[in-house]
Amino acid sequence: MRKLSKATIASLAALAFVFAAPVFAQTDADQDDAATDQDMGEIEEVVVTGSQIRGAAINDALSVSVIDAQDIESMGFESGGELLQAMPEQGQNFFNDAENISGGVNSARGDIGAFNLRNIGTGNTLVLMNGRRVVNAATYQTEEVGGSFVPVNSANSSVIPLFGVQRVEVLRDGASAIYGADAVAGVVNTVMRNNFEGFTIRGRWTSYDKIPRDTGTAVIEWGDLFNEGRTRVGVFASYYQRDRVNSQDDPKWADSDYRRLVPEDSPWFGNTAFRNNSANSLWGQYDLIRSMRGDPFGLVGRGIVDGSGEFETYPVDDPRCEGGYNIAENVCGNRDGQGTYRYNLNDNRDVSSRLKRWNIYSYLNHEFDNGIEAYGELQWYEAKTNMFRHPSASFTSVRLRVAADNYYNPLGPCGSPNRLPEEVIGPDVPCEGLQMSLDNYRFAEYPRIVDVKGTMVRILGGLRGTFGADWDWDSAVLYSKAKNNETTHNRVSNNLMQEALNDPTSAAYNAFGGGGPTNVERALVDVYRNSKTDLKLIDFKISKAELFNVWGGPVGFLAGAEYRKESFNDDRDPRLDGTITFTDWEGDTYPFVSDVVNSSPTPDNSGSRNVTSLFGELAVPLFDTLDLQLALRYEDFSDVGNTMVPKIAFGWRPLEWFMLRGSWSEAFRAPNLITVNEELVVRNNTRTDYTCQYAADFGGDPDQDTLDCRNNIQRRATGSKDLKPEKSDNTSLGIVLTPLDNLTLTLDFWRIKKKDTIGLFGEENQTLLDLLTRIEAGTGSCGGVEGNPALGRSDIDENEIPFYLAAGICPAGPLDFVNDRYQNLNTRKVEGYDFGVYYDLYTDIGDWSFSWQGSVYTRYDQEPGGAAQVLLDAQNAGTIPANYPVSGFDDLLRMDGNQEKKMNARLRWRKGGWGASVAWFYLSDFYQSSLTLSDGSQWVIPSHDYWNVSADYRFDLWSSESRVRLGINNVSNERAPLADRYFGYFSDAHRDYGRAYYVDLMMSW
């Protein structure tokens, strides 16, 4: 750990008595905290998520983590996303602002976070509230599964309220037999309070040490009992506001060229991989359309263009202007080959958006005279975000053209005030001017600004009661809808920009102004994405805690049925969905080209499915020391068939202080509605063409001064109704030791084997297959070498051919597109173990509580098959260089955020009105695969840890029970380790905001 600053030392001194408080009280059995605060309300019996049978003895044997209200209080979390990120079981969050900064309108933006237990992938965690499903977020995005990106969706962690929560239960096991589809990695169930009495107001203010961000939270809680306690009503409302975090707020982020941060003694020092600024800027490259063979206009001989008819522009004080010519007062030109003027992508873009969030949860329960209880829930959520993003650059496959008579064309028509003088360009440039295309150009006059409004409403009504000989029944109807309305300002229309480039008047777009007035406003448009998801559900369950007796006691029984309808609708802007089309100069149009610069065409998309479920569960105490759980569920999907999955779990306690527990189950995840219903969708993603890369590395152009091997490549994919559900085998075996009444030790080994994982082979893998074909063919007969037929290439530039031949492969033109298709890939295996230590101590100097939990992964791989295995065999044989990654297959442990260890520890102390806490969070190292060197050396992103501390005092004020809490998060101001990403850190796994201080005030009556 770095040496602490004076400010940190002073802060720690002020909180010298801070010793305690777990960040979560994560337990493996029902726990009632004797010190439950009065302002928290009375805690009811804990019903563990692992079983739907209330009071079943098997609950003690299930690997369930419980995070109660006190833990959330002591941690000072402000959102469900923060709580989720701290869980050891949670993997990477791919739905975050910093990571999604690069994507177009196809990334999920706004106030959104995703559940990803066991790091096995978004969509493999079932999310419940009070035991029933939470609707998926309205928006979805793509996540790498296999070798490319596949649509995924998840419940939004931001809609889970933290205030009013009684506890959060995390079942660390497959649970499809209990709850149905998607519970492959486990279940997260948020249980809300339903018997709160009193009125509470509270406020929290947070300020960061090194960045100009403040956040604020205001909460109101009210609950009461009526009709002699038979009617319970409660409302929990919160408002949260945070400032944006901009790239210019910290020197680390302010310049996207991160080579300056790489140590000089590192093998990666000077590596262009960390050069994350862009070759596309307002100082562009321009390619004449006419052939320069024979120098027909004398421009090559005069140094105006190179032999291919290309020239570049720079600020007039740039050294690369030497030997060039002036185009405008502040702009010079020079033939291509001087190097592009690179653009700082972090000149003005947000690491995190500005946010306002409202969350209201209310309940109404009433017990009738006949013993039947009616219960109802209403939740409303709304969030608004505003975010600055970098300006757009055209895809390399869609280059706009500057008309020969464009008003600002330096090689424009005779008589134009902007045509270069004859003494510069000579007498042979025709009077009609010369047409050219924009290359390495960015419409950088204005940043893109994204406004997102997200809403969610959840309405539930149910009845429960008892009939006959102690039979319990429960039935409810649920309706929930999520909506996301996103508008991106300052996008550029291809149609409108091409019109502006064709304009012969001074109102034309000036592509040679170098940041001066350009008239770009005439081509700016707003682009929207409106999406929504719906969930309708009705269920009925009957259960009996004592169906009959066996040797060990009464057998618990539950049976039920559920019907649900899930739907989604994704409405894209007319300029994206083909309503307004753009046709480029090659004749390409929708569905391969959109009218929005830098955005892939995307059709409107919608789909729905009906699911019918039948399920049953038995809790069997075979002996006094041995309990079993048997469960079976059948689900029938209207679009992808049906499935039946079982579960068996046991808990054996031969000694009072020792328990052995284990389970085996099958789980499943149905193909999500997007992968089933999506029409032909093309995505332009920045990818490396490894055939080109091989020519550069081994043909004499390692810095790619001539070749350009990393570009926007179009991937063409379609949904498929032939996709099969992913099925998994889940096993676990663990022990629970309680050598003392107040000490519990747990250790659980677990394994998930998921078959038929839905993914894609991937664009870069396809180029590796193309490279292997060309290496094996050699250069003896290049006319007969076709390479990989899944790739679409354009004609190669003659200047590039020698590099391919020197590398020993046949030339390949620039890569335009890759045909790929969603498919069921081979098996994905994830294995590891969880541990926990929980210790409570009651002394004269206060009550102490300590806990330490962690998840350790011992295996994470995606089995290769077919072409992927061919590539890996070729790489192992040395045919393909080791630093050309076969993406998404083979061993994925420690690769790109798939961490090996995630832990936290915490200590909490309380005496009278005083309390304090300290918490530690740890994430182990991993490597970034894209930085692997040719000798196999890996760029390791080191382990990262930080400490949070807080102290509070409780007192009476104005007849209220009041509390003030002071806290410091990340007390030593640890920063995220360096990575080759948009803001210099791996934002799917780390945060990089540094130290923060907060004060939290609460008053309860």
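What is the order of the strands in the open sheet of 6 strands? This report answers that and then turns to other parts of the structure, which is a predicted model.

## The open sheet

The order is β14-β15-β13-β12-β21-β20, and the pairing is antiparallel. The edges are taken by β14 (325-328) and β20 (401-402). Each of these has a single partner strand, so one side of each is left without a neighbour in the sheet. As a general point, strands of a sheet pair through backbone hydrogen bonds, either parallel or antiparallel.

One pair within this order is β12, residues 285-288, and β13, residues 310-315. They are antiparallel and are joined over 3 bridges. Across this pairing, Tyr286 stands opposite Phe311 in β13.

## Asp439 in strand β21

Strand β21 covers residues 436-439, and Asp439 lies in it. Is Asp439 buried or exposed? Its relative accessibility is 10%. Buried means under 20%, so Asp439 counts as buried.

The side chain of Asp439 makes a polar contact with the side chain of Arg399, at 3.5 Å. Apart from neighbours within four places in sequence, Asp439 is in contact with Gly284, Gln285, Asp287 and Arg399.

## Two hairpins in a row

Strand β8 (residues 198-208) and strand β9 (residues 214-226) run antiparallel and are joined by 10 bridges. A hairpin of 5 residues leads from β8 to β9. One bridge pairs Ser207 with Asp214 in β9.

Strand β9 also pairs with strand β10 (residues 231-242), in the antiparallel sense and over 12 bridges. In this pairing Ile220 stands opposite Ala237 in β10. How many residues lie between β9 and β10 in their hairpin? There are 4, and Asn227 in the turn has a positive phi of about 50°.

## Nonpolar cores

In soluble globular proteins, nonpolar side chains tend to be buried together. In this model, the largest nonpolar core has 54 residues. The residues with the most contacts inside that core are Ile72, Leu83, Met87, Phe115 and Val168.

A second core, separate from the largest one, has 43 residues. Among them are Leu282, Met292, Leu420 and Val429.

How values were computed:
Residues numbered from 1 in each chain as written. Predicted model: local features only at pLDDT ≥ 70, side-chain atom pairs only at ≥ 80, totals over all residues. Heavy atoms only, no water. Pairing = 2+ DSSP bridges. Core = buried A, V, L, I, M, F, W, Y, C linked by side-chain atoms within 4.5 Å. Buried < 20%, exposed > 50% of the residue type's maximum accessible area, 1.4 Å probe, protein only. Polar contact = N/O pair within 3.5 Å; in protein donor to acceptor, adjacent residues only side chain to side chain. Contact = heavy atoms within 4.5 Å.
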